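Please open the structure in your viewer and keep the selection panel at hand. The tour below proceeds from one selection to the next.

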Amino acid sequence: MVTDDIKTHAEEIIALLGEQVSGNISAEDIEGEITKFLEYGVPLDQAKQTILKKYSGSFSTSYPAATSRTLLRDLEPNMRSVKILVQVLSINPKEIMIRGDPRQIFYGILGDESGTIPFTAWHEIPVEKDDIIEVSNAYTKEWQGNIQLNFGDRTGIEKKTKDDLPKEAFEPQLVQVKDLHNGIGRIDLTAKILEITEKEVTVDDTQKTVYSGVLGDETGKAPFTAWHDFDLKKNETIHLIGGYVKSWKGISQVSFDEEATVTKEKKKKLTVETTPTSLPQIAALVEHPGRYDVQITGTVIEIQQGSGFILRCPECNRVLFQGNCRTHGTVEGVPDVRVKCIVDDGTGAVSALLDQKILETLFHKTLEDWKNMKPDEVYHEMQQTLCTKHLQIQGNALADRYGIIFIVKHAEILTQDVSEEAAQFIETMEEEL
Amino acid sequence: MNREHAWRVFAEEFNDSSVEIKEPGEMKPSYVLTPLGGKMNRVYLVGVLTDVEEMPGENQFVRAHISDPTGVFTLFSGQYQPEVTNQLLTIEVPAFIALVGKTRSYAPEDGDRVYVSIRPEKIFEVAADTRDAWILETCKLTKQRIEAMKEALQMAEPSEKELMNLGFNAALSSGVVAALKEYETPQMEKYPLMIKEAIHYVVNGPGPMESPKEASLEDITEAPSKKSTPSSKEAKKDPFEEAEKIVLQVIKENEGDEGSSWDVITEECATSGLDADTVEEVLNTLMDKGLIYEPVLGTIKTT
């Protein structure tokens, strides 16, 4: 292409970028970039668009900044520029590696009168927990089915006061377990502690005891984590004000710390719904992955790699590869058995994880029996027993990068009276079709 | 990225498909779109493996057929699935087979037809009850597609969202909307009949149901069954059903271990008043139902 033509195109780009930019970028720079793209065989139109996008992105010319406030509830994925007025409910630093370099980013939860949202700031921001801030030019993305708010280079933050947010923003919402979902905001919940365990964790280099378990009411069960010792005991009914909901692999969890109020309800009798939610079709999980304590039925159509007799690292529980642990090197492996299989009902599929206890019940065998079998024999037996069978599984469904992982707590191979069911099907069909 | 789930579909609906959907971009899955809106990348099916044939060429490549109550699936398996290919070559046909596989479509340049087939990923030898359970399940899921299609046909502008509001899942809703765009008019009479036939197969065992579909069989009506056959005692039996029973009986009497030759069957049936065309049509129907197969060209055997 003639140099003059490239010059014309460069000027066109400069003009499109507007005055603000033309002072910083020379037409020569742009000409150079166009030439380079053309050398690589990029079509002219595409090259121009790419360059335009590159510069307009960092100078915010092509996407005008939003001027009016959006409520968190109304945020949608892939919004380019949003303005919000929120309280910082939590903020934590995190070290990540970007192209081999360590970088500190910040993540946390923001809340307003309509709900809460998780956020990530890619740079240090002058913000502390509980601050009321007005954020402009933030943008949204979708991550594992949840909307995620991001603060980038062009994001502006202005401190505000409590009076700027309506007072409902600070009032917890009265909810039941079934209402818990990501972004619901601060909650007011009465529930019974069904399970509780203590765990030592390291947060910001300090040891901390957290209390995690399962709570429930007449509408269902959910996992919880308490970051403060409320002296919680199993079977106690508590009234929790000021906790919030966090999502882990799509599962809603109740999280609360010392700022929440926990009252023990000694007299209140709460009946807890303990039967798992039965999903008629796996499709329900495809559309809403991440469910706590659900039951599904499907056909086992594949036993996946990594199933069978395995050895685990005694330190970290990871599965050994040729006698070696990724972190702890050569170790004396702890024997275990597991099955990873695809359960598919024609509307959706999950990768189901069956552990030793479940397999012993399903196969009427012990770990010792499997230990003495050849790996091929074990695989063959698992395939023979499970594949093409209808398996009813109960447990937790997790939204994973590679699909839905189903952690099985209980499994049963169903026997079907096909001719009876077929007769029933004929009846419904006569009526409907 | 979610795993593509395995659709349940009968051979008739699958083979009626003439549309392939490929999402733009590399490494994106392709789908066979059925007339009822199944957008299928993977299928799970159970049927009778009737024949496996090694194709000529340097690389090992086999073609096989699996029959269900409504028709026949065609499979191609080659060097990239050595395990399945070997399995297919060692299984003695006929055999009940469960199969997980990827859908494939092929449109020859000089034709206007699209051929659909299946590349098996896993196969398992199973028993008859697994096949019956699959027929039942496939009936139920096919019925769901029929219902979704019926609802969509009543909408002024069929949309995924509206279908999902009615309770249909996302995959089916998007498939139904796509099918309405790609296929001229879905044959809404044909598929309910197909599942009725299939489910009767489970309840009554192999054999034609009492009210078979109105195929073009007027000429059969004229075929008098002069000879008394085991099942002709009941007065008002459908003539085609009669013909099927006669032909099946003839094959059983003549097949031995090797199967019965087509000519022998035609001759024998002529004595029962069935002309050659009728016999051929009946043989095709019986093959579709999986009751008979053709181990060698021109030779028929019951399954």
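**Strand pairings in chains B and A**

Begin with B:Ser261, which stands opposite B:Thr299 in β12(B). Strands here are DSSP runs of E of at least two residues, numbered from the N terminus, and two strands pair if DSSP finds at least two bridges between them. This is a predicted model, in which local features need pLDDT of at least 70 and side-chain atom pairs count only at pLDDT 80 or more, while totals for chains, interfaces and linings use all residues. Residues are numbered from 1 along each chain as its sequence is written, and chains are lettered from A and ligands numbered from 1 in the order in which they are written.

Next, select β10(B) together with β12, residues 299-302 of chain B: the two run antiparallel and are joined by 2 bridges. Extend the selection to the open sheet of 3 strands, whose order is β10-β12-β11 in chain B, with antiparallel pairing. Residues 260-261 (β10) and 292-293 (β11) of chain B are the edge strands; each has a single partner strand, so one side of each is left without a neighbour in the sheet.

Now move to chain A and select β1 (residues 82-98) and β2 (residues 101-112), an antiparallel pair joined by 11 bridges. Within this pair, A:Met97 has A:Pro102 in β2(A) as its bridge partner. The two strands form a hairpin with 2 residues between them, and A:Arg99 in the turn has a positive phi of about 45°.

Finally, add β3(A), residues 115-121, which pairs with β2(A) in the antiparallel sense over 7 bridges. These strands, β2(A) and β3(A), form a hairpin with 2 residues between them; A:Asp112 stands opposite A:Gly115 in β3(A).

Definitions and conventions:
Helices (H or I, at least four residues) and strands (E, at least two) are DSSP runs, numbered from the N terminus.
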